[in-house]
Amino acid sequence: MRWLRGLSALLLVLPALGGCVTDEREWMKLNERYTVAEFQRDREACMKAGKIDDACMRSRGWVAVNPGGKTETGKDPHARDLQPPSARDRKY
């Protein structure tokens with residue numbers, strides 16, 4: 001019976017902890033110095049419904065740094081799409 005109480009307590013606590021998930025991204029400004037206070041001010045100003053509004057942060061000059069995740073880099077307009085030799089048109 002003792003394990004049953006422990007199991008039921010665990011089942012009650014797990015859903016509550018699910019709401020404690022935080023945004024793990026880090027933010028930085030490129031080519032600009034900033035302070036922790038500036039970041040905290042901008043983060044609080046850009047919070048909407050408990051989440052950081054990406055567009056708001058970008059409008060204030062912040063870029064999300066996602067180690068191992070999706071990055072927020074735009075495509076270079078001067079870059080060309082490289083294809084393997086087998087996919088290129090061969091005109092002989």
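**Close-up of Asn-31 in the loop between E1 and H2.** In this predicted model, Asn-31 is placed in the loop that runs between E1 and H2. Asn-31 counts as exposed because its relative accessibility is 86%, and the cut-off for that class is over 50%. The phi of Asn-31 is near 55°, which is a positive value in a residue other than glycine. Most residues other than glycine have a negative phi.

**Close-up of Lys-29 and the residues that Lys-29 touches.** Lys-29 is found in the loop between strand E1, residues 26-28, and helix H2, residues 36-45. With a relative accessibility of 10%, Lys-29 counts as buried, since buried residues are those under 20%. When residues up to four places away in sequence are not counted, Lys-29 touches Tyr-34, Asp-42, Arg-60, Gly-61 and Trp-62. For one of these residues, Arg-60, the view also shows a polar atom of the Lys-29 side chain at 3.4 Å from the backbone oxygen of Arg-60.

**Close-up of Ala-49 in the loop between strands E2 and E3.** Ala-49 lies in the loop that follows strand E2, residues 47-48, and leads to strand E3, residues 51-52. Although Ala-49 is not a glycine, its phi is positive, at about 55°. The relative accessible area of Ala-49 is 85%, and therefore this residue is classed as exposed.

Notes
Residues are numbered from 1 along each chain as its sequence is written. This is a predicted model: local features need pLDDT of at least 70, side-chain atom pairs count only at pLDDT 80 or more; totals for chains, interfaces and linings use all residues. Side-chain values use heavy atoms; hydrogens and water are left out. Helices (H or I, at least four residues) and strands (E, at least two) are DSSP runs, numbered from the N terminus. Buried means under 20% relative accessible area, exposed over 50%, partly exposed in between (1.4 Å probe, protein chains only). A polar contact is a pair of N or O atoms within 3.5 Å; within protein, one must be able to donate a hydrogen and the other to accept it, and residues adjacent in sequence count only if both atoms are side-chain atoms. Contact means heavy atoms within 4.5 Å.
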